[in-house]
Amino acid sequence: AVGESSAGLQEGDVMDLETALKALLVPSGNDAAVAIAEALGGSVEAFVERMNEKAAELGCVDTVFTNPHGLDYGRFEGDLHSCAADVALMARHAMKDDTFRAIVAQDVANIDVTGEDGTHRVVELHSTDTLIGTYEGACGIKTGLTDRAGASFAGACTRAGRTLYAVVINSTSEEQRFADATALYDWVFEHEVDYPLAHSPQTTTATLQGQT
(Lines give C-alpha, C1' and ligand atoms only; values in the text may rest on other atoms or scores of the structure.)
Protein backbone atom coordinates (compact mmCIF):
# COMPACT_ATOMS: atom_id res chain seq x y z
CA ALA A 1 0.00 0.00 0.00
CA VAL A 2 3.03 2.33 -0.08
CA GLY A 3 2.49 3.22 -3.73
CA GLU A 4 4.69 4.28 -6.64
CA SER A 5 7.50 1.82 -7.59
CA SER A 6 6.68 -1.65 -6.30
CA ALA A 7 7.99 -5.20 -6.39
CA GLY A 8 4.45 -6.58 -6.23
CA LEU A 9 4.73 -7.97 -2.71
CA GLN A 10 1.58 -8.90 -0.83
CA GLU A 11 0.71 -8.84 2.87
CA GLY A 12 1.84 -12.10 4.47
CA ASP A 13 4.56 -12.88 1.90
CA VAL A 14 7.60 -14.68 3.32
CA MET A 15 11.14 -14.46 1.92
CA ASP A 16 14.73 -14.27 3.13
CA LEU A 17 16.56 -10.95 3.43
CA GLU A 18 18.56 -11.32 0.21
CA THR A 19 15.31 -11.86 -1.70
CA ALA A 20 13.80 -8.79 -0.04
CA LEU A 21 16.88 -6.77 -0.99
CA LYS A 22 16.43 -7.77 -4.63
CA ALA A 23 12.80 -6.65 -4.40
CA LEU A 24 14.00 -3.34 -2.98
CA LEU A 25 16.98 -2.59 -5.20
CA VAL A 26 16.22 -3.99 -8.66
CA PRO A 27 12.78 -2.43 -9.35
CA SER A 28 13.01 0.27 -6.61
CA GLY A 29 10.37 -1.55 -4.59
CA ASN A 30 8.92 0.78 -1.96
CA ASP A 31 6.88 -2.13 -0.60
CA ALA A 32 10.11 -4.05 0.06
CA ALA A 33 11.61 -1.02 1.81
CA VAL A 34 8.81 -1.04 4.37
CA ALA A 35 8.95 -4.83 4.79
CA ILE A 36 12.71 -4.72 5.47
CA ALA A 37 12.32 -1.84 7.90
CA GLU A 38 9.61 -3.62 9.87
CA ALA A 39 11.47 -6.94 9.92
CA LEU A 40 14.92 -5.66 10.83
CA GLY A 41 14.07 -2.57 12.87
CA GLY A 42 11.05 -3.89 14.71
CA SER A 43 9.20 -0.85 13.40
CA VAL A 44 9.58 1.62 10.56
CA GLU A 45 10.33 4.39 13.07
CA ALA A 46 13.15 2.46 14.77
CA PHE A 47 14.68 1.51 11.43
CA VAL A 48 14.59 5.12 10.19
CA GLU A 49 16.32 6.22 13.38
CA ARG A 50 19.10 3.74 12.64
CA MET A 51 19.28 5.02 9.05
CA ASN A 52 19.97 8.52 10.35
CA GLU A 53 22.56 7.23 12.79
CA LYS A 54 24.34 5.35 10.00
CA ALA A 55 24.33 8.40 7.74
CA ALA A 56 25.99 10.40 10.50
CA GLU A 57 28.55 7.63 11.06
CA LEU A 58 29.48 7.79 7.37
CA GLY A 59 30.07 11.54 7.58
CA CYS A 60 26.90 12.76 5.89
CA VAL A 61 26.28 16.39 6.83
CA ASP A 62 23.06 17.25 4.97
CA THR A 63 20.90 14.11 5.14
CA VAL A 64 17.71 13.41 7.08
CA PHE A 65 15.57 10.30 6.60
CA THR A 66 11.92 10.18 7.72
CA ASN A 67 10.94 6.91 6.00
CA PRO A 68 12.73 3.92 4.45
CA HIS A 69 11.74 4.57 0.80
CA GLY A 70 12.22 8.28 0.15
CA LEU A 71 8.71 9.29 -0.94
CA ASP A 72 8.18 12.90 0.07
CA TYR A 73 4.57 13.90 -0.59
CA GLY A 74 1.13 13.37 0.95
CA ARG A 75 1.35 11.28 4.08
CA PHE A 76 5.11 10.98 3.58
CA GLU A 77 5.78 14.73 3.40
CA GLY A 78 8.40 15.96 5.87
CA ASP A 79 11.93 17.27 6.32
CA LEU A 80 13.59 14.37 4.51
CA HIS A 81 16.46 15.53 2.31
CA SER A 82 20.00 14.78 1.16
CA CYS A 83 22.63 16.11 -1.24
CA ALA A 84 24.84 14.66 -3.97
CA ALA A 85 27.95 14.49 -1.77
CA ASP A 86 26.13 12.56 0.97
CA VAL A 87 24.49 10.18 -1.52
CA ALA A 88 27.95 9.48 -2.97
CA LEU A 89 29.28 8.65 0.51
CA MET A 90 26.40 6.22 1.13
CA ALA A 91 26.66 4.66 -2.33
CA ARG A 92 30.39 4.05 -2.04
CA HIS A 93 29.96 2.47 1.39
CA ALA A 94 27.11 0.22 0.24
CA MET A 95 29.10 -0.99 -2.77
CA LYS A 96 31.73 -2.43 -0.42
CA ASP A 97 29.19 -5.17 0.40
CA ASP A 98 29.43 -8.01 -2.12
CA THR A 99 25.74 -8.94 -1.86
CA PHE A 100 24.60 -5.36 -2.40
CA ARG A 101 27.02 -4.89 -5.30
CA ALA A 102 25.84 -8.08 -7.03
CA ILE A 103 22.15 -7.21 -6.67
CA VAL A 104 22.33 -3.66 -8.05
CA ALA A 105 24.26 -4.87 -11.11
CA GLN A 106 21.36 -7.08 -12.24
CA ASP A 107 19.17 -6.00 -15.13
CA VAL A 108 16.59 -8.70 -14.39
CA ALA A 109 16.13 -10.86 -11.30
CA ASN A 110 13.65 -13.60 -10.44
CA ILE A 111 12.67 -14.03 -6.80
CA ASP A 112 10.81 -16.90 -5.13
CA VAL A 113 8.17 -15.68 -2.69
CA THR A 114 6.03 -17.78 -0.35
CA GLY A 115 2.52 -16.42 -0.02
CA GLU A 116 0.41 -16.27 3.13
CA ASP A 117 -1.36 -19.47 2.05
CA GLY A 118 1.95 -21.34 1.69
CA THR A 119 2.05 -21.36 -2.10
CA HIS A 120 5.16 -20.28 -4.00
CA ARG A 121 5.29 -17.81 -6.84
CA VAL A 122 8.12 -16.44 -8.94
CA VAL A 123 8.24 -12.68 -9.40
CA GLU A 124 10.27 -11.25 -12.28
CA LEU A 125 11.93 -7.96 -11.38
CA HIS A 126 13.27 -5.45 -13.90
CA SER A 127 15.87 -2.84 -13.04
CA THR A 128 15.04 0.83 -13.39
CA ASP A 129 18.73 1.48 -14.24
CA THR A 130 18.87 1.60 -18.06
CA LEU A 131 22.68 1.92 -18.14
CA ILE A 132 23.17 -1.71 -17.10
CA GLY A 133 24.07 -3.65 -20.21
CA THR A 134 24.16 -0.53 -22.40
CA TYR A 135 27.09 1.51 -21.01
CA GLU A 136 30.51 -0.10 -20.62
CA GLY A 137 31.21 -0.90 -16.98
CA ALA A 138 27.85 0.27 -15.58
CA CYS A 139 27.12 -1.73 -12.42
CA GLY A 140 24.25 0.05 -10.63
CA ILE A 141 23.11 1.58 -8.39
CA LYS A 142 19.71 3.16 -7.83
CA THR A 143 17.18 5.50 -9.41
CA GLY A 144 14.81 7.88 -7.67
CA LEU A 145 11.91 10.10 -8.72
CA THR A 146 9.75 12.41 -6.62
CA ASP A 147 8.26 15.85 -7.25
CA ARG A 148 10.68 17.48 -4.81
CA ALA A 149 13.86 15.59 -5.76
CA GLY A 150 13.11 15.31 -9.47
CA ALA A 151 14.61 12.58 -11.63
CA SER A 152 17.64 11.35 -9.71
CA PHE A 153 20.26 8.64 -10.01
CA ALA A 154 23.15 7.27 -7.98
CA GLY A 155 25.32 5.39 -10.46
CA ALA A 156 28.47 3.29 -10.42
CA CYS A 157 30.75 2.33 -13.28
CA THR A 158 33.75 -0.01 -13.04
CA ARG A 159 36.52 -0.20 -15.62
CA ALA A 160 39.99 -1.70 -15.20
CA GLY A 161 39.27 -2.44 -11.55
CA ARG A 162 38.37 1.16 -10.69
CA THR A 163 34.86 2.30 -9.75
CA LEU A 164 33.53 5.79 -10.44
CA TYR A 165 30.38 7.15 -8.80
CA ALA A 166 28.02 9.65 -10.41
CA VAL A 167 25.17 11.24 -8.46
CA VAL A 168 22.50 13.20 -10.33
CA ILE A 169 19.70 15.01 -8.50
CA ASN A 170 16.76 16.89 -10.06
CA SER A 171 17.60 16.21 -13.69
CA THR A 172 15.19 17.41 -16.36
CA SER A 173 13.74 13.95 -17.11
CA GLU A 174 14.09 10.27 -16.26
CA GLU A 175 16.07 9.72 -19.47
CA GLN A 176 18.27 12.78 -18.96
CA ARG A 177 19.49 11.63 -15.54
CA PHE A 178 21.30 8.75 -17.27
CA ALA A 179 22.73 11.08 -19.92
CA ASP A 180 23.97 13.35 -17.12
CA ALA A 181 25.63 10.41 -15.36
CA THR A 182 27.33 9.13 -18.50
CA ALA A 183 28.58 12.66 -19.26
CA LEU A 184 30.27 12.68 -15.85
CA TYR A 185 31.80 9.23 -16.41
CA ASP A 186 32.94 10.14 -19.93
CA TRP A 187 34.64 13.32 -18.78
CA VAL A 188 36.75 11.45 -16.22
CA PHE A 189 37.64 8.59 -18.58
CA GLU A 190 38.58 11.02 -21.36
CA HIS A 191 40.74 13.25 -19.18
CA GLU A 192 42.74 10.69 -17.21
CA VAL A 193 46.47 10.43 -17.83
CA ASP A 194 48.97 7.93 -16.39
CA TYR A 195 52.07 9.62 -14.99
CA PRO A 196 55.29 7.73 -14.13
CA LEU A 197 56.41 8.24 -10.55
CA ALA A 198 59.87 9.67 -10.09
CA HIS A 199 62.49 7.07 -9.16
CA SER A 200 59.88 4.30 -9.34
CA PRO A 201 58.66 1.76 -11.92
CA GLN A 202 55.07 2.52 -10.87
CA THR A 203 52.62 4.98 -12.40
CA THR A 204 49.73 6.94 -10.96
CA THR A 205 46.50 8.10 -12.61
CA ALA A 206 45.47 11.76 -12.46
CA THR A 207 42.66 13.72 -14.07
CA LEU A 208 43.65 16.70 -16.19
CA GLN A 209 42.40 19.96 -14.72
CA GLY A 210 41.13 23.03 -16.52
CA GLN A 211 39.33 21.07 -19.28
CA THR A 212 35.74 21.63 -20.37
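Let me start with the largest cavity, which has a volume of about 30 Å³. Keep in mind that this is a predicted model. How many cavities of 30 Å³ or more are there? The count is one.

Who lines the largest cavity? From the earlier part of the chain, Leu25 and Val26. Then Val104 and Gln106. Then Ser127, Thr128 and Asp129. Finally Ile141, Lys142 and Thr143. Strand β3 gives the most to this lining, with three residues. By class, the lining of the largest cavity splits into four nonpolar, four polar and two charged residues.

That brings us to the strands. β3 covers residues 138-146. Its partner β4 pairs with β3 in the antiparallel sense, over seven bridges. To find the register, look at glycine 144, which stands opposite serine 152 in β4. The two strands, β3 and β4, form a hairpin. Three residues sit between them.

Now go to the other partner of β4. Strand β5, residues 162-171, runs antiparallel to β4. Eight bridges join β4 and β5. Here glycine 155 stands opposite alanine 166 in β5. β4 and β5 also make a hairpin, with two residues between the strands. Look at alanine 160 in that hairpin: its phi is positive, near 55 degrees.

So β4 pairs with β3 and with β5. Why is β4 described as largely enclosed by the rest of the structure? Because eight of its 10 residues, in the run 150-159, are buried. The cut-off for buried is under 20% relative accessible area.

Next, the helices. Two packed helices are described by the angle between their axes and the distance between the axes. For α1 and α2, the axes come within 8 Å. They cross at roughly 145 degrees. Which residues meet? On the α1 side, Leu17, Ala20, Leu21, Ala23 and Leu24. On the α2 side, Ala32, Ala33, Ile36 and Leu40. The contact of α1 with α2 has nine nonpolar residues, no polar and no charged.

The α1 and α2 helices turn up again at a pocket. The second largest pocket has a volume of about 430 Å³. It is lined by 19 residues, and the closest to its centre are Leu9, Asp31, Val34, Ala35 and Glu38. Both α1 (17-25) and α2 (30-41) supply at least two residues of that lining. The largest share comes from α2, with seven residues. What is the make-up of the pocket lining by class? There are 12 nonpolar residues, two polar and five charged.

Last stop, methionine 51. This residue lies in helix α3, residues 44-57. Is methionine 51 buried or exposed? Buried, because its relative accessible area is 17%, and buried means under 20%. Leave aside neighbours within four places in sequence, and methionine 51 is in contact with Phe65, Asn67 and Pro68. Take proline 68: methionine 51 and proline 68 are 17 residues apart in sequence. In space, C-alpha to C-alpha, they are 8.1 Å apart.

To recap. β4 has antiparallel partners in β3 and β5. α1 and α2 meet through nine nonpolar residues, and both contribute to the lining of the second largest pocket. Methionine 51 in α3 is buried.

Technical notes: Residues are numbered from 1 along each chain as its sequence is written. This is a predicted model: local features need pLDDT of at least 70, side-chain atom pairs count only at pLDDT 80 or more; totals for chains, interfaces and linings use all residues. Side-chain values use heavy atoms; hydrogens and water are left out. On a 1 Å grid over the protein atoms alone, a cavity is a set of points where a 1.4 Å probe fits but cannot get out, and a pocket is an open set with protein on both sides within 12 Å along at least five of seven lines; lining residues have an atom within 4 Å of a point. Grid points are joined across faces, edges and corners, and a volume is the space filled by probe spheres set on the points. Helices (H or I, at least four residues) and strands (E, at least two) are DSSP runs, numbered from the N terminus. Ala, Val, Leu, Ile, Met, Phe, Trp, Tyr, Cys and Pro count as nonpolar, Asp, Glu, Lys and Arg as charged, and the others, Gly among them, as polar. Buried means under 20% relative accessible area, exposed over 50%, partly exposed in between (1.4 Å probe, protein chains only). Two strands pair if DSSP finds at least two bridges between them. Axes are lines fitted to C-alpha atoms, for helices over the stretch in contact, and angles run from 0 to 180 degrees between N-to-C directions. Contact means heavy atoms within 4.5 Å.
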